[in-house]
Amino acid sequence: MSAVAQVIDVNAGAEVEQELTDGFHLVIDALKLNDIDTIYGVPGIPITDLGRMAQAEGIRVISFRHEQNAGNAAAIAGFLTKKPGVCLTVSAPGFLNGLTALANATTNCFPMILISGSSEREIVDLQQGDYEEMDQLAIAKPLCKAAFRVLHAEDIGIGVARAIRAAVSGRPGGVYLDLPAKLLGQALDAAKGEKSLVKVIDAAPAQLPSPEAVKRALDVLKGAKRPLIILGKGAAYAQADETIRDFIETTGIPFLPMSMAKGLLPDTHPQSAGAARSTVLKDADVVLLVGARLNWLLSHGKGKTWGDAPKKFIQVDIEPKEMDSNVEIAAPLVGDIGSVVAALNNGIKSGWQAPPSEWIDAINARKEVNISKMSQRLLKNSTPMDFHSALGALKQVIKERPDAILVNEGANTLDLARGVIDMYQPRKRLDVGTWGVMGIGMGFAVGAAVETGKPVLAVEGDSAFGFSGMEVETICRYNLPVTIVIFNNNGIYRGTDTDPTGRDPGTTVFVPDSRYDKMMEAFGGVGYHVTTPDELKKAVDAGMDSGKPTLINAVIDPAAGSESGNIGSLNPQSVVKKK
Ligand code: ADP
Ligand code: TZD
Ligand code: MG
């Protein structure tokens, strides 16, 4: 909607009415035209009015306490919806606060647009010291997929369109859009403004694999004696759930989900090899990767994890440069996952032989041993709780509420929850992703609740929670159905470190026996303090039944955790022995 202004037509000498629009309105119109219905951000100069006006125009505007959390909410909105999540920040410091989330989104292949106000170009470029002066475009560029700046109101439509297309096409990622303060106030004839808007048609076009590539891949797969499918978060993002399920069930090949691909098929599916992870990685002879990179999370496709048996990799990815990034890919399948897996389904219609039963039997035997070992640990009712006894209760919660969204961060809290809590539906597990970054918790929880309307359970290490904890106020303000469980072990990994000199607290410990539940109560939410698995289960059920913002302080044995959780091997140790 445009502003109307009275202007004098000097030539005619009479007063005529000319409809005007401006930068503010054009940004909002451009977003709305492209079905962007939510903005996550923090207000301030020069975008305070942009947020207000967007809200008045019907866009949902969620205001946070820190831009990093707003950015994380936008990023996870992108992952969940395949539309770019939008984060709106003020210049320099606000922009920098949002940048971590933008870089993280890019690393994780989540489509997101960071829109930031910026100071005046003339002053910034001459470095004359403007309010919040910073060359934001240059700083954003190396940290995202694409970066654009708009200087003229009539280019806003194109700028927004380019940002959207860049975020979602090909490999999705983060995009930066720089809007200098002066642009927002620029007036333009309303009709001209409307004409300048661009509706992005087919923002993420299907990318079909070549028939030769499909045949090559199926030939390799048919030759396998011990095939394995690895599903990554790209497969979850693709929203090709039925097509993927069809392929896996028709071929009978065991599958292993990466963390955020859990639930694409239920973890309890008979073909899930999740409980036999080390065995299948070591022994498989052909591995089909679907939307998963051979990065550190898969030990780069080589070394001890993968064993000595020779392996062939088939990889499905939309990014051609991903192929051969770590090891040779025998059969690259470049294209979008929906199209590629549909082509594979088509290719096996003419005949398919199930994998040898020795392979399936070996996996099932290993699964049985591991699952029974684990269930004994989960039943342990120790006081204080260790991670497993607390997670036993939460595993049951998700079993009873499979459509709830689980947000998870921490070290032990993350690694153990990932292994213990079965997921049953796609895109229900959201976590620290490719970087293992702490601080996604409350941003992801807000984004997931706002985008899906589903209940959210955030399982948080006490350290992890601290990175975004102030957003409990945001959760209360918008009355979101978020239940937070803090695994409170008094610190990072453990709560038992001390300063050998006796001067200060140890570097990894916090105030012992803190009551995080009181933080939630401070803003009108509900707090619980629990010490047993039964109390934990009851409190989570109460929180999730009520739909009210709830925080449960779950006391965990400070000595229970291990350093760096499951990735202690990545933690360098000093080679100099203490005297
Ligand atoms: P994980 O951490 O779960 O192993 P990664 O983030 O490493 O997953 O890998 C995700 C991969 O999925 C990326 O290489 C990305 O290019 C790819 N990807 C994302 N969306 C699609 C899609 N629609 N089609 C094909 N590949 C995709
Ligand atoms: N800063 C950021 C942004 N990301 C990180 N990953 C870290 C620091 C280092 N780090 C980890 O890798 S896990 C972790 C930190 C600080 C916190 C672990 O403590 P926790 O979990 O309380 O969250 P547990 O259950 O005590 O292990
Ligand atoms: Mg902790």
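In this predicted model, the surroundings of ligand 1 include a backbone contact at Gly-291, where a polar backbone atom is 3.3 Å from an oxygen atom of the ligand. Two further contacts of the backbone involve nitrogen on the ligand side, and the three are set out together below.

| Residue | Residue atom | Atom of ligand 1 | Distance |
|---|---|---|---|
| Gly-291 | polar backbone atom | oxygen | 3.3 Å |
| Ile-318 | backbone N or O atom | nitrogen | 3.1 Å |
| Ile-337 | polar backbone atom | nitrogen | 2.9 Å |

Around ligand 1 there are 19 residues, and those that come nearest are Arg-171, Lys-233, Arg-293, Asp-317 and Ile-337. Ile-337 thus belongs to that nearest group and also places a polar backbone atom 2.9 Å from a nitrogen atom of the ligand.

Turning to the fold, six strands form an open sheet with parallel pairing, in the order E4-E3-E5-E6-E8-E7. Strand E4 (60-63) and strand E7 (146-149) each have a single partner strand, so they stand at the edges and one side of each is left without a neighbour in the sheet. From one strand to the next, the twist averages 20 degrees. Helix H7 (residues 156-168) packs on this sheet, where it touches strand E6 (112-118), E7 and strand E8 (174-180), and its direction makes about 165 degrees with that of E8.

At the E4 edge, strand E3 (residues 38-41) runs parallel to E4 and is joined to it by four bridges, one of which concerns Thr-38, whose bridge partner in E4 is Arg-60. Helix H18 (residues 441-452) lies across E3 and E4, at about 165 degrees to E3.

Some residues of H18 also meet a loop from elsewhere in the chain. Ser-468, which sits between helix H19 (462-466) and helix H20 (472-477), touches Gly-441 and Met-442 as well as Asn-69, Glu-409 and Gly-439, leaving aside residues up to four places away in sequence. Its C-alpha is 8.3 Å from that of Gln-68, although the two residues are 400 residues apart in sequence. Ser-468 counts as buried because its relative accessibility is 2%, against a cut-off of under 20%.

A second group of strands centres on E20 (residues 550-555), of whose six residues five are buried. Strand E18 (residues 482-488) runs parallel to E20 and is joined to it by six bridges, with Val-485 standing opposite Ile-552. Strand E19 (residues 526-530) is likewise parallel to E20, through five bridges, and here His-529 stands opposite Asn-553. Between E19 and E20 the chain passes through helix H22 (residues 533-546), and the three elements make a right-handed β-α-β unit.

Finally, several loops hold backbone geometry that deserves a look, since most residues other than glycine have a negative phi, and most peptide bonds are trans. The peptide bond joining Ile-45 and Pro-46 is cis, with omega about 5 degrees, and Pro-46 lies in the loop between E3 and helix H2 (48-56). Another cis bond leads from Thr-383 to Pro-384, with omega near -10 degrees, in the loop between helix H15 (357-379) and helix H16 (387-400). Asp-202, which is not a glycine, has a positive phi of about 55 degrees and is found between helix H9 (190-196) and helix H10 (211-222). Asn-490, also not a glycine, has a positive phi of about 65 degrees; this residue is placed in the loop between E18 and helix H21 (517-522), and with a relative accessible area of 8% it is buried.

Conventions
Residues numbered from 1 in each chain as written. Chains lettered and ligands numbered in written order. Predicted model: local features only at pLDDT ≥ 70, side-chain atom pairs only at ≥ 80, totals over all residues. Heavy atoms only, no water. Pairing = 2+ DSSP bridges. Helix = DSSP H or I, 4+ residues; strand = E, 2+ residues; numbered from the N terminus. Axes fitted to C-alpha atoms, helices over the stretch in contact; angles between N-to-C directions. Contact = heavy atoms within 4.5 Å. Buried < 20%, exposed > 50% of the residue type's maximum accessible area, 1.4 Å probe, protein only. Right-handed = clockwise from strand over helix to strand, strands pointing away. Near = heavy atom within 4 Å. Polar contact = N/O pair within 3.5 Å; in protein donor to acceptor, adjacent residues only side chain to side chain.
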